[in-house]
Amino acid sequence: MKRGSNARRKLPIRLILGWFLFITLLLSIGFSAVMAGITPVSSETMEEGQRLRSDYILMLVQCLLGLVVMFLPALLERKLRISIPNYMCVMYFMFLYCAIYLGEVHSFYYLIPQWDTFLHGFSAMMLGTLGFSLVSILNDSERTHMRLSPLFVGMFAFCFAVTVGVVWEFYEFGFDGLLGMNMQKFRLENGVQLVGREALADTMEDLITDAAGALIVAVAGALSISRRRARAEKQAPAPEEGQGAEA
């Protein structure tokens with residue numbers, strides 16, 4: 001009864017943030033679509049500080065994608081018949097808001113030098129936590145009989161988070177090539193393209209940050225599981241002598 005009332009108190013926070021993100025992305029889609037139609041294609045005809053059409057196309061694609069993936073937690077809960085913790089959904093909505101609305105629409109990626117690094121670290125920790133949650137669901141399920149070691153759980157969480165980070169870089173590289181966008185930040189805001197090591201710096205920094213954030217969560221989670229199991233074993237009642245002899 002107490003647990004149910006706590007869930008009801010937390011649920012409105014998830015709903016409020018979800019609606020706020022939905023409306024924000026919807027308005028941003030309309031804005032970026034209009035601006036993509038009236039903005040010059042090349043930097044030769046643009047004024048200083050003005051965005052290119054490709055920048056607004058990137059904004060439009062990111063907002064559309066964000067509008068789709070924001071419903072992913074609800075879809076997973078319905079299809080897999082699992083319950084995703086409210087705090088995970090709140091973190092997920094906050095990440096989408098910071099990455100898409102603040103990052104792309106308000107140019108935080110250019111205005112704040114370490115904004116992209118912060119988001120990758122945050123997302124890696126969030127995905128690592130999600131990896132632990134997935135394993136916990138399997139461990140606690142009545143249909144499975146598993147007792148995975150803390151080391152394996154930590155490795156799974158680490159690999160899960162890093163793999164998603166790598167897939168995201170594939171997505172950025174592919175859309176940059178197909179639509180002429182600048183998701184991997186190989187081009188400065190004024191249109192100047194970076195070359196050599198500077199062009200690779202953003203992608204490699206993202207992957208290193210993903211790995212570091214995932215490693216922190218993996219180590220902390222594995223140690224937490226080890227301590228929790230050690231306490232449970234100490235608190236477990238010792239078997240009686242007769243039962244021990246029969247075993």
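**Notebook: aromatic rings and nonpolar cores**

I began by searching the whole structure for aromatic pairs, and the search returned 13 of them. One of these is W19 with F22, an edge-to-face pair whose ring centres are 5.8 Å apart and whose planes meet at 85°. I should keep in mind that this is a predicted model.

I then looked up where this pair sits, and found that W19 and F22 both belong to helix α1 (residues 2-38), three residues apart, which is about one turn of the helix. Is W19 buried or exposed? W19 counts as exposed because its relative accessibility is 56%, and the cut-off for exposed is over 50%. F22, with a relative accessible area of 24%, is partly exposed.

Staying with the rings, I noted that F95, F108, W115, F118 and F122 make up one aromatic cluster. I also noted that K185 lies over the face of Y109, 4.7 Å from the ring centre.

Next I turned to the largest nonpolar core, which has 25 residues, and asked which of them touch the most other members. They are L25, C63, M70, L96 and L119. The elements that give two or more residues to this core are α1, α2, α4 (86-105) and α6 (115-140), and α4 gives the most, with 11 residues. Apart from this core lies another, of seven residues, including L148, V153, V217 and I225.

I followed L25 further: leaving aside neighbours within four places in sequence, L25 is in contact with C63, G66, L67, M70 and I100. Of these partners, C63, G66 and L67 are among the buried residues of α2, a helix of 17 residues (53-69).

Notes: Residues are numbered from 1 along each chain as its sequence is written. This is a predicted model: local features need pLDDT of at least 70, side-chain atom pairs count only at pLDDT 80 or more; totals for chains, interfaces and linings use all residues. Side-chain values use heavy atoms; hydrogens and water are left out. Rings of Phe, Tyr and Trp (its six-membered ring) pair if their centres lie within 6.5 Å; planes under 30 degrees apart count as stacked, over 60 as edge-to-face and the rest as tilted. Helices (H or I, at least four residues) and strands (E, at least two) are DSSP runs, numbered from the N terminus. Buried means under 20% relative accessible area, exposed over 50%, partly exposed in between (1.4 Å probe, protein chains only). A charge sits over a ring if NZ of Lys or CZ of Arg is within 6 Å of the ring centre and within 35 degrees of the ring normal. The expected span of a helix is 1.5 Å times one less than its number of residues. A nonpolar core is a set of buried Ala, Val, Leu, Ile, Met, Phe, Trp, Tyr and Cys residues joined through side-chain atoms within 4.5 Å. Contact means heavy atoms within 4.5 Å.
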